[in-house]
2 protein chains.
Amino acid sequence: MPKQVDHKARRRQIAEAVTALISEGGLEAATLREIAARAGVSMGAVQRCFSTKEEMMVFVHEHLGELATAQIEGRIAASGAGDDPVAILTETVRGITPLTAEDLPWTRAWLVFAAQAATDPRLAAVQREANRGLFRLLSVLVRAGVDAGGLRAGLDPETTARDLLALTDGLGVQVLVGVHTVATARESVERALAALRP
Amino acid sequence: MPKQVDHKARRRQIAEAVTALISEGGLEAATLREIAARAGVSMGAVQRCFSTKEEMMVFVHEHLGELATAQIEGRIAASGAGDDPVAILTETVRGITPLTAEDLPWTRAWLVFAAQAATDPRLAAVQREANRGLFRLLSVLVRAGVDAGGLRAGLDPETTARDLLALTDGLGVQVLVGVHTVATARESVERALAALRP
DNA sequence: CTTTTTTCGATGCGCTTGTATCGGATCATA
DNA sequence: TATGATCCGATACAAGCGCATCGAAAAAAG
């Protein structure tokens with residue numbers, strides 16, 4: 001048997017390089033040569049991990065989604081939410097909102113991918129599925145929260161979930177554009193969450 | 001004197017071609033050759049209107065902003081709002097929200113430009129100024145509405161304006177991604193506006 | 001009708017991109 | 001240690017990009 005390399009790890013490593021490049025200089029800055037240089041590997045290594053660039057972009061998109069999921073789960077665990085649906089909902093919403101300056105890089109990358117997905121059918125499928133998954137999660141949490149009495153009665157789960165997603169996405173855009181700051185975004189999302197409680 | 005062409009009109013014509021191409025295939029679809037073909041002129045004509053492509057993109061960005069302004073003013077005039085700040089606020093917010101399927105093309109183009117502005121300092125200045133203008137307008141309208149009694153007392157003008165902008169931007173993203181539809185976006189924005197009234 | 005100035009459409013150029021190719025280095029196995 | 005499959009890094013290549021150039025066409029002025 002010949003030399004063995006950890007493909008999974010390498011793909012992640014490359015995905016992080018792509019994310020960093022995109023958040024700094026947009027899609028056009030993410031060329032194969034720049035990606036290889038940033039990831040610290042050769043161009044040939046990148047080509048062996050992804051047979052085409054489109055396949056790479058799909059993977060990066062999915063990887064970004066997984067990072068978001070990890071961030072959310074980390075928040076839930078760290079907050080000791082247990083199985084309180086309201087606490088889980090709170091941390092989930094916080095996890096997808098730019099709350100500090102450290103969140104700006106992935107927020108920029110997320111915006112670029114969202115724009116790309118709006119005009120590219122293949123990425124649209126990935127983005128759509130990720131967003132629908134988030135939508136379903138929030139719906140379930142809102143319904144459970146209402147049933148448990150932690151949220152206002154009469155709250156429609158799906159409407160509430162949709163509006164929460166719209167708010168966090170909008171905050172992301174507005175923070176990047178400079179109308180909102182991370183501080184006002186934080187206040188805004190806390191106010192929206194507080195308004196759901198009885 | 002030699003042949004004369006209407007540069008202003010041509011620039012608008014090219015800007016509309018660029019917007020259409022971007023809303024169909026993203027930034028990468030907007031090459032000089034495609035733009036010229038779509039606008040029905042030669043590549044040389046495009047080059048005489050804009051000395052560089054970046055200058056063209058800035059103009060297109062500004063043009064998109066002017067279209068939005070025109071759409072808002074058209075709504076205000078058509079609704080017979082007069083000088084009622086609440087009615088003007090309502091039509092302004094509606095004007096920047098994707099309410100029907102016809103709004104999807106410019107929503108896509110707007111998202112692409114927002115993403116581009118997040119990573120390109122020159123476009124960022126344009127986008128930032130446009131958004132701040134909108135923010136100031138909404139702030140003034142909210143303050144006037146509160147003073148006139150058409151909006152809830154105790155409403156902070158700047159906070160309310162920021163949140164309205166975040167909502168409309170978020171609705172744009174979510175509609176394009178497929179979580180919201182134009183119908184639910186319409187309901188959502190009307191609900192948000194209704195919540196401001198006393 | 002001639003002249004002159006601007007616009008037009010086309011072509012060429014240098015550059016960068018994504019992808020394909022290939023000899024040599026590398027390491028588990030026999 | 002010899003072997004042979006696998007990975008590496010560099011280079012080659014075609015395509016497409018934005019931009020520059022140039023002769024021909026067109027129209028107002030003499």
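1. How many helices and how many strands does chain A have? In this predicted model, chain A is built with 9 helices and 0 strands, and a reader who follows the sequence from its start will meet them in the pattern α-α-α-α-α-α-α-α-α. The C-alpha trace of chain A spans about 60 × 45 × 30 Å along its principal axes.

2. Within chain A, one salt bridge may help a newcomer to find the way around: A:Glu190 pairs with A:Arg94, and their closest N and O atoms are 2.7 Å apart. This pair links distant parts of the chain, since A:Glu190 belongs to helix H9 of chain A and A:Arg94 to helix H5 (residues 85–95) of chain A, with their positions 96 residues apart. Over all chains, the structure holds 16 salt bridges.

3. The contact between the two chains draws 38 residues from chain B and 38 residues from chain A. The area buried between chain B and chain A comes to about 2,900 Å², and carbon and sulfur atoms account for 62% of that area.

4. Turning to the polar side of this contact, the rule finds 2 salt bridges across the interface of chain B and chain A, and 12 residue pairs are in polar contact between these chains, counted where both residues have pLDDT 80 or more. A salt bridge also joins B:Arg191 to A:Asp163, whose closest N and O atoms lie 2.5 Å apart.

5. Which helices of chain B supply at least two residues each to the side that touches chain A? They are helix H1 (7–25), helix H6 (104–119), helix H7 (121–148), H8 and H9 of chain B, and of these H8(B) gives the most, with 13 residues. By class, the residues on the side of chain B that touches chain A divide into 16 nonpolar, 14 polar and 8 charged.

6. The largest pocket deserves a separate look, with a volume of about 960 Å³ and a lining of 27 residues, among which A:Asp163, A:Ala192, A:Ala195, B:Ala192 and B:Ala195 lie nearest its centre. The elements giving two or more residues to this lining are helix H8 (157–177) and helix H9 (182–194) of chain A, together with helix H8 (157–177) and helix H9 (182–194) of chain B. The lining of the largest pocket has 12 nonpolar, 7 polar and 8 charged residues.

7. Two of the points above meet at one residue: A:Asp163 is among the lining residues nearest the centre of the largest pocket, and A:Asp163 also forms the salt bridge with B:Arg191.

Key:
Residues numbered from 1 in each chain as written. Chains lettered and ligands numbered in written order. Predicted model: local features only at pLDDT ≥ 70, side-chain atom pairs only at ≥ 80, totals over all residues. Heavy atoms only, no water. 1 Å grid on protein atoms, 1.4 Å probe; cavity = no way out; pocket = protein on both sides within 12 Å on 5 of 7 lines; lining within 4 Å. Points joined across faces, edges and corners; volume = space filled by probe spheres on them. Helix = DSSP H or I, 4+ residues; strand = E, 2+ residues; numbered from the N terminus. Nonpolar A, V, L, I, M, F, W, Y, C, P; charged D, E, K, R; others polar. Contact = heavy atoms within 4.5 Å. Buried area = accessible area lost by both parts, 1.4 Å probe. Salt bridge = Lys/Arg side-chain N within 4 Å of Asp/Glu carboxyl O. Polar contact = N/O pair within 3.5 Å; in protein donor to acceptor, adjacent residues only side chain to side chain.
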